[in-house]
Amino acid sequence: SSGINAEYGEKKDRLKSMADSGKTEAGKKPTVVKFGLNHVTALVEKKKAQLVVIAHDVDPIELVVWMPALCRKMNIPYCIVKGKARLGQVVHKKTAAVLAITSVKAEDKNALNNLVSSVTTNYNDRFDEIRKTWGGGK
């Protein structure tokens, strides 16, 4: 518990010095993983999302069935992974249907770019291959 008190003291000191100097600096925006269907949808529509991760076992599936089409339309890479519980672990919740990565630290940019390129080739570019085609006629 001494670690928490030390952090609290640092924050208190920082806020006090900001109050004394009269500045209200908004610190650097934290890099976080965004989650929630409505939130992620808004981020995709604004083209703020860099990568969208969709769970395969969402029930009812209609909640996310249109998300790949939206991502393709907005040219945002998306992937489908096993388990909404695993996505939930990322954001410290029980489950999460979709996640979006909007920004990463500078040292992780390269890893994100590698991930985005592989996801784009496996999902976005293979859409016509993956899509179910009904009937046997060619």
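How many bridges join strand 1 to strand 4, and in which sense do the two run? Three bridges link strand 1 (residues 33-35) with strand 4 (residues 98-101), and the two run antiparallel. Strands count as paired here if DSSP finds at least two bridges between them. Within this pairing, Lys 34 sits opposite Ala 100 of strand 4.

A word on the basis of all this. The model is predicted, with local features requiring pLDDT of at least 70 and side-chain atom pairs counted only at pLDDT 80 or more, while totals for chains, interfaces and linings take in all residues. Residues are numbered from 1 along each chain as its sequence is written, and side-chain values rest on heavy atoms, with hydrogens and water left out.

Overall, the chain is built from six helices and four strands. Both kinds of element are DSSP runs numbered from the N terminus, helices being H or I with at least four residues and strands E with at least two. Read from the N terminus, the order is α-β-α-β-α-β-α-β-α-α. Of the 138 residues in the chain, 25% are buried; buried stands for under 20% relative accessible area, exposed for over 50%, and partly exposed for what lies in between (1.4 Å probe, protein chains only). The accessible surface of the chain comes to about 10200 Å², and carbon and sulfur atoms hold 54% of that. These areas come from the Shrake-Rupley method with a 1.4 Å probe, and for residues only the protein chains shown count as cover. As for contacts (heavy atoms within 4.5 Å), 76% of those between residues at least 6 apart in sequence join residues at least 24 apart.

Back to the strands, and to strand 2 in particular. Strand 2 (residues 51-55) is joined to strand 4 by four bridges, running antiparallel, and Val 53 stands opposite Leu 99 there. Strand 2 also pairs with strand 3 (residues 78-81), this time in the parallel sense and over four bridges. In that pairing, Ala 55 faces Val 81 of strand 3. Strand 2 is mostly covered, with five of its five residues buried. Leu 51, Val 53 and Ala 55 point one way from the strand, Val 52 and Ile 54 point the other way, and all are buried.

The loop between strand 2 and helix 3 (67-73) has a few things worth pointing out. Pro 60 is located in this loop, and the peptide bond leading into it from Asp 59 is cis, with omega near 0°. Ile 61 lies in the loop between strand 2 and helix 3 too, and counts as partly exposed because its relative accessibility is 37%. Together with Val 65 and Trp 66, Ile 61 makes up a nonpolar surface patch with about 260 Å² of accessible area. For such patches, residues need over 30% relative accessible area and no salt bridge; nonpolar side chains (Val, Leu, Ile, Met, Phe, Trp, Tyr) are joined within 5 Å, and like charges within 9 Å. A salt bridge is a side-chain nitrogen of Lys or Arg within 4 Å of a carboxyl oxygen of Asp or Glu.

Trp 66 turns up again around helix 2 (residues 37-45), where Thr 41 lies. Leaving aside neighbours within four places in sequence, Thr 41 is in contact with Trp 66, Met 67 and Leu 70. Thr 41 is classed as buried because its relative accessibility is 12%. A polar atom of the Thr 41 side chain lies 2.6 Å from the backbone oxygen of Leu 37.

In helix 3 sits Arg 72, which is partly exposed at a relative accessible area of 35%. Not counting residues up to four places away in sequence, Arg 72 touches Tyr 78, Asn 124 and Phe 127. The C-alpha atoms of Arg 72 and Thr 120 are 9.8 Å apart, although 48 residues separate the two along the chain.

Some loop residues round off the picture. Asn 75, in the loop between helix 3 and strand 3, has a positive phi of about 60° without being a glycine, and is exposed at 65% relative accessibility. His 92, in the loop between helix 4 and strand 4, likewise has a positive phi of about 60° and is not a glycine; its relative accessibility is 74%, so it counts as exposed. Lys 82 belongs to the loop between strand 3 and helix 4 (84-90) and is exposed, with a relative accessible area of 60%. Lys 82 and His 56 are 5.4 Å apart from C-alpha to C-alpha, with their places 26 residues apart in sequence.

Key
A polar contact is a pair of N or O atoms within 3.5 Å; within protein, one must be able to donate a hydrogen and the other to accept it, and residues adjacent in sequence count only if both atoms are side-chain atoms.
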